[in-house]
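Q: I would like to learn how to read a structure like this one. Can we take it feature by feature?

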2 protein chains.
Amino acid sequence: MVLNNIDFTGLPDPSESNCQTTREILDLIADKWSLYIIIMLRNGPRRFNQLRRDVEGISQRMLTLTLRGLERNGLVTRTMYPTIPPRVEYELTKLSATLLTPVMGLVVWVDSNKDKIGVARQLYDDREME
Amino acid sequence: MVLNNIDFTGLPDPSESNCQTTREILDLIADKWSLYIIIMLRNGPRRFNQLRRDVEGISQRMLTLTLRGLERNGLVTRTMYPTIPPRVEYELTKLSATLLTPVMGLVVWVDSNKDKIGVARQLYDDREME
DNA sequence: CAGCATCCGAGGCGATACTG
DNA sequence: CAGTATCGCCTCGGATGCTG
C-alpha cells in the first residue's frame with residue numbers, strides 16, 4: 001500500500017494480536033492530555049505551573065497524573081531544583097523529540113483542514129434538522 | 001523552530017485562544033476509537049461488523065457513535081445498500097485520506113519505539129519498588 | 001511553587017433487549 | 001446485518017484542602 005509517496009506495506013496492524021503493545025502505546029499518546037503536553041514542551045523545558053497555564057482546561061490532578069505517565073514511558077524528564085521555593089522542570093527526552101515530528105504533522109493537518117471539517121459538520125447538522 | 005528538517009515556525013499553538021477550533025478538532029481525532037477506525041479503513045471500505053472485529057474491544061454502541069462522529073466531520077462516508085440483509089459500507093473520504101499520512105506516521109513511530117518505551121517503563125517501575 | 005489525599009458527581013461506556 | 005433504546009455501573013476527572 002502506497003499513499004502520498006509513503007509506503008505502508010507490511011506495516012503492523014494494531015488489530016493483530018501480536019501488536020498489543022503498539023495498540024497499548026498508541027493509547028498512551030492519543031489520550032486527551034498527553035498530546036498537548038508534548039506539544040507544549042516542543043520549545044524547551046517548562047515548569048509545572050507554566051504547563052498548567054499552557055494546557056488550557058487541565059486540572060492540577062490530571063497534569064500531575066499525565067506527567068507521571070509520560071515520565072514513566074520515557075517521554076518526559078523531571079528535574080527538581082531544591083531551591084526555595086522549589087522549582088521543577090519538565091522536558092522532552094531524545095525519544096519524544098522524534099515523536100514531535102509525527103505529532104506536529106497531525107497538528108498541521110488539523111490546522112489546514114479545520115475549515116473543511118467545519119463545513120462538513122454544518123452540512124451534516126443541517127440535514128439532521130429536516 | 002526547525003526540527004527534523006521540518007519548519008514549525010509560526011505554527012498555531014493550540015493553547016492560543018484563537019485556536020479553539022484546532023484544539024477542538026484535535027480532540028476529535030485523539031479520542032479512544034476514531035484513530036483506530038481510520039486506520040482500519042485505510043485499505044478501502046469496510047462493513048459495520050467487519051469494523052467491529054477489526055477494532056478489538058470496541059462495543060457496538062461505541063462503534064456506532066464514533067462512526068457517526070466521523071461521518072459528521074466529513075472523515076467517513078456511509079453507504080447503504082438496501083439489500084436483504086442490509087449492507088452498509090464505511091469508507092474514508094478524500095479529506096481523511098490525507099489525514100492518513102500523519103496518522104500512520106504516528107503508528108510507524110510507535111512501532112519503531114515501543115521497545116524503548118517498554119525499557120523506560122521497566123526502569124521506572126523498578127525504581128518505584130525501592 | 002509543586003505537589004498529594006480525599007471526596008464525589010457526571011457521563012462514558014458496556015450489557016442487554018428489541019427493530020427494519 | 002445493522003443498527004436503536006434503555007439501564008446502570010464505574011471510572012475518569014474536577015474541587016477542595018493540606019504539606020514540604
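**Reading the contacts with DNA**

A: Start with one contact to the backbone of the DNA. In this predicted model, a phosphate oxygen of DNA strand C lies 3.1 Å from a backbone N or O atom of N49(A). A side chain takes part too: an N or O atom in that of Y90(A) is 2.6 Å from a phosphate oxygen of DNA strand C.

Q: Which atom of DNA strand C pairs with the side chain of R61(B)?

A: A base nitrogen does. An N or O atom in the R61(B) side chain is 3.4 Å from it.

Q: Which elements give two or more residues to the surface near DNA strand C?

A: From chain A come α3 (48–54), α4 (60–72) and β5 (87–92), and from chain B comes α4. The most is given by α4(A), with four residues.

Q: How many residues surround DNA strand C, and which are the closest?

A: There are 17. The closest are Q60(A), T64(A), R78(A), Y90(A) and S59(B). Next, look at which DNA atoms are involved. Of the strand C atoms within 4 Å of the protein, 68% belong to sugar or phosphate, and the rest to bases.

Q: What comes nearest to DNA strand D?

A: Among 18 residues around DNA strand D, the nearest are S59(A), Q60(B), T64(B), R78(B) and Y90(B). Sugar or phosphate accounts for 66% of the strand D atoms within 4 Å of the protein, and bases for the rest.

Q: Where do polar atoms meet DNA strand D?

A: Take three cases. A base nitrogen of DNA strand D is 2.3 Å from an N or O atom in the side chain of Q60(B). A polar side-chain atom of R68(B) is 3.3 Å from a phosphate oxygen of DNA strand D. A backbone N or O atom of P86(B) lies 3.5 Å from a sugar or linking oxygen of DNA strand D. The elements giving two or more residues to this surface are α4 of chain A and α3, α4 and β5 of chain B. Its largest share, four residues, comes from α4(B).

Q: How are two copies of a chain related?

A: By a rotation about an axis and a shift along it. Here, a turn of 180° and a shift of 0.0 Å along the axis lay chain A on chain B with an RMSD of 0.1 Å. The two copies are therefore related as by a two-fold rotation axis. In chain A, the C-alpha of A30(A) is nearest the axis, at 2.5 Å. Both copies use the same surface: 100% of the contact residues of chain A recur in chain B.

Q: Which residues of α4(B) are buried?

A: L63(B), T66(B), L67(B) and L70(B). They fall within an arc of 100° seen down the axis of α4(B), so they line one face of the helix. Their cover includes α2 (34–40), α3 (48–54), β4 (76–81) and β5 (87–92) of chain B.

Q: How do I read a single residue, say S34(A): buried or exposed?

A: Use relative accessible area, with buried meaning under 20%. S34(A) has 6%, so this residue is buried. S34(A) sits in helix α2 (residues 34–40) of chain A. Leaving out residues up to four places away in sequence, S34(A) touches L28(A), I29(A), T66(A) and L70(A).

Q: And T83(A)?

A: T83(A) lies in the loop between β4 (76–81) and β5 of chain A. T83(A) counts as partly exposed, at 39% relative accessibility. Its side chain reaches the backbone oxygen of P85(A) at 2.9 Å.

Key:
Residues numbered from 1 in each chain as written. Chains lettered and ligands numbered in written order. Predicted model: local features only at pLDDT ≥ 70, side-chain atom pairs only at ≥ 80, totals over all residues. Heavy atoms only, no water. Buried < 20%, exposed > 50% of the residue type's maximum accessible area, 1.4 Å probe, protein only. Arc of directions from axis to C-beta. Contact = heavy atoms within 4.5 Å. Least-squares fit on C-alpha atoms with pLDDT ≥ 70 in both. Near = heavy atom within 4 Å. Polar contact = N/O pair within 3.5 Å; in protein donor to acceptor, adjacent residues only side chain to side chain.
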